[in-house]
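Reader: Hi! Could you take me through the largest pocket of this structure, what lines it and what sort of chain it sits in?

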Amino acid sequence: MAASTPPSSTGSTKLDGLVQKASANTPEKLSGLALYSRFALAGAICCSVTHGGLTPVDVVKTRIQLDPVTYNKGMIGAFRQVIKNEGYGALATGFGPTAAGYFLQGAFKFGGYELFKQQCINYFGYETASNNRTAVYLASSAMAEFFADIALCPLEATRIRLVSEPTFASGLLSGFGKIYKQEGFGAFYSGFGPILFKQRVPYTMAKFVVYEKVAEAVYQRVDKSKTSDGMQTVINLGSGLMAGFAAAIVSQPADTMLSKINKTKGLPGEGTTSRLIKIAKELGLRGSYTGIGARLFMVGTLTAGQFAIYGDIKKFLGATGGVEIAK
């Protein structure tokens, strides 16, 4: 009696061998924790590297926002002023909290964005999510950023204090401890409102939607499956640059308010809301866009870098199981 062929067999020994070889060379698609932890790690690395690398620009931007009378010669002039008055080392002020804070924030932001996007697809169905993908991008990025800001806020408060008061503390740990000891845990979240509405509502939503839309427009003209890895990185850079410019413009007023509110502690009995209202009145529309040139350069550069690095690290980690809803 002849032996029956396995259910997965094609009936041909040669063909079976080719199928097995192809299957062995096809990377396994990840899902669940294995997939989203990779998204989170890729996001953590891309945000930490880009924000940490641009610490000197952030130092100058913050100085312009906090003391526009002294630093009134533009970004290049402000760089020269800081170096002349304090030395090159001053440009690295706040590097520790910046790198650590944005490592956490990047994990929640990018990992959360992918997770919430998938949850929208699961809840509404692929076709509905795809037809309403702009709303999915907006909702997913907003929810992800909410949790990301909870992680970022204490470290961002410490960074701004170190930059605005160079003699306040020697670094991240000493600065963090000093704020906690002198002002209590609540001081770390005094800027939560501005950072939430800088990062969550205008910044991140604009960032992800513009990135997705620009990339989608490009891939409607270019076959993504035939595009080389290098060209995909270039497309990520270009899409990220456009996304960064849009995000910087819409979020600049809240970024200025965040720098102001974290510069010094409030008066006794003065709440965060009343402080924000007072700062907004003092600044006005024109004052709220102080330092926009430096921030356009900074946000455009780091957002382009983030999406390029994020895409490359995802490929390296084998995080290829995500669902795309662009048409």
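**A look at the largest pocket**

Author: Let's start with the chain itself. Of its 327 residues, 48% count as buried. Keep in mind that this is a predicted model. The secondary structure comes to 12 helices and 0 strands, so if you read along from the N terminus, you just meet one α after another. Take the contacts in the chain with a separation of 6 or more: 81% of them are between residues 24 or more positions apart. As for the outside, the chain exposes about 16200 Å², and carbon and sulfur atoms supply 65% of that.

Now for the pocket you asked about. The largest pocket holds about 910 Å³ of space. Which parts of the chain line it? Four elements each give two or more residues to the lining: α5 (95-124), α9 (192-219), α10 (229-263) and α12 (292-317). Of the elements, α9 gives the most, with 6 residues.

In total, 30 residues line the largest pocket. If you want to find its centre on screen, look for Tyr219, Lys224, Gln232, Lys314 and Glu324, as these lining residues lie nearest to that point. And what is the lining like chemically? It's a real mix: 12 of the lining residues are nonpolar, 8 are polar and 10 are charged.

So that's your pocket: about 910 Å³ of space, with 30 residues around it, in a chain of 12 helices.

Notes: Residues are numbered from 1 along each chain as its sequence is written. This is a predicted model: local features need pLDDT of at least 70, side-chain atom pairs count only at pLDDT 80 or more; totals for chains, interfaces and linings use all residues. Side-chain values use heavy atoms; hydrogens and water are left out. On a 1 Å grid over the protein atoms alone, a cavity is a set of points where a 1.4 Å probe fits but cannot get out, and a pocket is an open set with protein on both sides within 12 Å along at least five of seven lines; lining residues have an atom within 4 Å of a point. Grid points are joined across faces, edges and corners, and a volume is the space filled by probe spheres set on the points. Ala, Val, Leu, Ile, Met, Phe, Trp, Tyr, Cys and Pro count as nonpolar, Asp, Glu, Lys and Arg as charged, and the others, Gly among them, as polar. Buried means under 20% relative accessible area, exposed over 50%, partly exposed in between (1.4 Å probe, protein chains only). Contact means heavy atoms within 4.5 Å. Accessible areas come from the Shrake-Rupley method with a 1.4 Å probe; for residues, only the protein chains shown count as cover.
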